[in-house]
Amino acid sequence: MDRPRLKAHFTPQVIDGSKVFLLAEGQHYLVQAAGAGKLLPYLDGRRTVAEIASALSEEVPLPQTLIAIRKFAAFGHLANGRPDWPDATLAFWDAQGIDPVHAHDALSRTEFTVVACEGADAAPVVPVLREHGLRIRTRSVEEEAAGPGGTLSVVVAGDYLDPALDRLNAAYLAAGHPWALVKPGGITLWVGPVFQPGRTGCWACLAQRLAGNRQVERYLAGKRGGGVPYHPARESAPAGPAVAGGLLAVELARIAAGAASSRLEGRMTTIDLRTLGVAEHTMVRLPQCPACGDPTLISERSPKIALSARSARHVTDGGYRIEPPARTYARLEKHISPLIGAVTRLHTFADQDNGVTYSFTAGHNFAMIGDNMDLLRRNLRGQSGGKGRTEVQARVSALCEAIERYSGVWRGEEPVTEAAYADLDPEVAVHPESLLHFSQAQYAGREEWNKDPAHRLHLVPERFRTDLPIDWSPAWSLTEERERLVPAGYAWYGHPDLERHFYCVGDSNGNASGNSVEEAVLQGFCELVERDAVALWWYNRARRPAFDLDSLRDPYVDTVREFYRGMDRDLWLLDITTDLGIPAFVGVSHRTGHPVEDVIVGFGAHLDPRIAAIRTLTEVNQFLPSVERRDERGETLYLDDDVATLAWWKETKLAEQPWLVPDPALPARTLGDYARSDGGDLAGDVQTCVARAAAAGIEVIALDQSRPDLELSVVRVIAPGMRHFWRRLGPGRLYDVPVSLGWVPEPRAEDDLNPTSVFF
């Protein structure tokens, strides 16, 4: 360092001559050396080290001078030389850790191109960029699309889904040319991302997420015959271009000067001019992107699911997991964004944290089928739920459920076989009737039944036509280790087959996610077990024994029960374990001392009975916020307006529904009554589940729905013959198994089954 200079962003303060405090925004350092205080005035970048030493020779010995200079330099507090620039400009570059001389030279050699999409005005932005020392030239979209100019291009758009961006993106990818997007209009300004071909995702990656989250615009585009949900902002504030352009200019200057990283590379910043709120949104690169990736990662994905031995390191809550929930959350948090996230929001369901019951909701874009306003409304309110005994577990539970729902949406890139069932091998293709289980009477009365809004979860579809070609998705039989074909309309949300042949209702039964495919398959199968057990118990109104919560010997359980008692509520568990031998429970809580009992229920199943019981309790907790608020008269203030749900809470009386309370004639089950797994081998646990299902004559099939852009395994587990807990009253396990287990003395007639359907 020939001419040392104290970096200009520091304000020095000297104490006792030898202690130099260096203050900057958000920083403070201490340099302690004999003579350091006297050295400061000479660290101006205009003197050599020899000249400094000579000037101080009468006051500070040469060794002390050299030691003090080395200490300042060792901590990175010195720069070399003094450009003839304003102190504020020097301070800016010094604070970035970038040599101002190098920055000046780099900016003088770098030319930026500004391009305005149709309807967008770049004129207010260009002067702002030039004021920051950037060399700017303007070009049209046509000129840029023919061949990008400059070192980096800035595209000004009124909407990030402007169709012109598709052409520009293709040109930039072909040329390997970096570029940036900015939306300086509107109430909310958008700055970035900066796209670096080969390093970040491209505009097509961004547009896929952005378009998916515009559900109303997509609906309206569909009404107009299709197209992009394009919606440029009409509002504008005079300060918008200056704010957006200024922020962008700072980052472009840093990029030109060779900064190690840019906050806008692969990221977008939004500024809400109403609230002055600033948010950062991570753009996720899609490895399967048709523009910058390899779409065959999905379109040619093998259906085979190979299980590997893995040990579950986290087994205290939420199932068997190979890593703790906090680590999973840290990995997946970047996928949350209301604009470009696979998950649009994540927040607590309760009004306030009570420290006992944790419940979160997460939003996600969903699939539309045809001109369906009711579905649009539900999608806009739609949310995934998460529960847990800790806040982070509930948060991760909601986040992962939202990702699994997002992953299950049909996008048209998935591999399928189009054929009529009659033309397929019945040993390969799975007939929908083995999955749906509607009765002949339900099909006969479907039109009248479906008119009732209370039946929205229990719609009866059309009878399946075996002569009509539909799409079939390849899946993997874990039971027989071979490929099977399952109806794509059943396996995916929003498949277009259901517009012309409404043979089923897409649902989430068996959809599950995990840090590994083994986690996901185990979780998905346990959900099938849970819902199958609930259907057998619920519709037969079978009396079941209690599960002794004291046998868990868990302080958390005691805390939850005490919390419920403080709310004038009882809480208990029923054992509904079926012929599969996998522990399954129902949790029931009701309000005491009030004519409206607000009965809430939750379910859980798992190989580990302790986890099954805790999952059941936390699912009861998940519903508690909907009924816990009361007005000044003690009446419940409900958070749900669903007709069937409100009817259940307001009208259900335990005295009239004895199947909801433990059967006093049956001894309570305890933890010691169940075989237990320790999660030592998740693949082995899956094989145990498959073997138990096979013993009951049930095949287990898994469809991989994982997306390469999401670091989470997602599967749809399908088990023909097992029952959904929605109202599907066809013959099979619903009637046979309760008799074989001794729950009921003889099969019920269809008309004698519980007239109330499961309401969620």
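**Notes on a predicted model**

1. Four strands make up an open sheet, ordered E20-E21-E22-E23, and their pairing is antiparallel. The model is a predicted one. At the edges of this sheet stand E20 (546-547) and E23 (600-605), each of which pairs on one side only. E20 and E21 (residues 569-575) run antiparallel and are joined by two bridges. Within that pairing, Phe547 lies opposite Leu573 of E21.

2. Two helices pack on this sheet. H21 touches E21, E22 (584-591) and E23. The direction of H21 makes about 130 degrees with that of E23. H22 (residues 555-566) touches E21 and E22. Its direction makes about 135 degrees with that of E21. E21 and E22 are thus touched by H21 and also by H22.

3. H21 also has a helical partner. Two packed helices are described by the angle between their axes and the distance between those axes. For H21 (residues 517-540) and H25 (residues 682-695), the axes come within 9 Å and cross at roughly 30 degrees. The crossing of H21 past H25 is left-handed.

4. Which residues of H21 and H25 meet? From H21 come Glu518, Glu519, Val521, Leu522 and Phe525. From H25 come Leu682, Ala683, Asp685, Val686, Cys689 and Ala693. The contact residues of this pair comprise eight nonpolar and three charged, with no polar ones. Glu518 and Glu519 belong to the H21 side, and Asp685 to the H25 side.

5. A second open sheet has three strands in the order E13-E14-E15, again with antiparallel pairing. E13 (345-348) and E15 (384-388) are its edges; each has a single partner strand, so one side of each lacks a neighbour in the sheet. On average, neighbouring strands here are turned by 20 degrees against each other, direction ignored. Four bridges hold the antiparallel pair of E13 and E14 (residues 358-363). Thr348 stands opposite Phe360 of E14.

6. H15 (residues 391-407) packs on the three-stranded sheet and touches E13, E14 and E15. Its direction makes about 150 degrees with that of E15.

7. E24 (residues 701-704) has two pairings to check. With E17 (residues 470-477) it runs antiparallel, over two bridges. Trp476 stands opposite Ala702 in E24. E24 also runs antiparallel to E25 (residues 713-718), and four bridges join these two. Here the partner of Asp704 is Val715 in E25.

8. E11 (residues 267-272) and E12 (residues 277-282) run antiparallel and are joined by six bridges. Thr269 has Glu280 of E12 as its bridge partner. The two strands form a hairpin with four residues between them. Leu276 sits in the loop between E11 and E12. Its phi is near 60 degrees, a positive value in a residue other than glycine. I would look at this residue when reading the hairpin.

9. Which peptide bond is cis? The one joining Gly192 and Pro193, with omega about 10 degrees. Pro193 lies in strand E10 (residues 188-195).

10. How many disulfides are there? The count is zero, with a disulfide taken as a pair of cysteine sulfur atoms within 2.5 Å. Cys292 is in no disulfide; its nearest cysteine sulfur, in Cys202, is 3.5 Å away. For Cys400, the closest cysteine sulfur is that of Cys526, at 16 Å, which is too far for a bond.

11. One annotation comes from the record. UniProt, in an unreviewed entry, lists residues 386-760 as "domain: YcaO". In the model this span is 32% helix and 15% strand. The C-alpha atoms at its two ends lie 15 Å apart.

How values were computed. Residues are numbered from 1 along each chain as its sequence is written. This is a predicted model: local features need pLDDT of at least 70, side-chain atom pairs count only at pLDDT 80 or more; totals for chains, interfaces and linings use all residues. Side-chain values use heavy atoms; hydrogens and water are left out. UniProt positions are given in the numbering used here, feature names are shortened, and annotations may be inferred rather than shown by experiment. Axes are lines fitted to C-alpha atoms, for helices over the stretch in contact, and angles run from 0 to 180 degrees between N-to-C directions. A crossing is left-handed if the near helix is turned anticlockwise from the far one by less than a right angle, and right-handed if clockwise. Contact means heavy atoms within 4.5 Å. Ala, Val, Leu, Ile, Met, Phe, Trp, Tyr, Cys and Pro count as nonpolar, Asp, Glu, Lys and Arg as charged, and the others, Gly among them, as polar. Two strands pair if DSSP finds at least two bridges between them.
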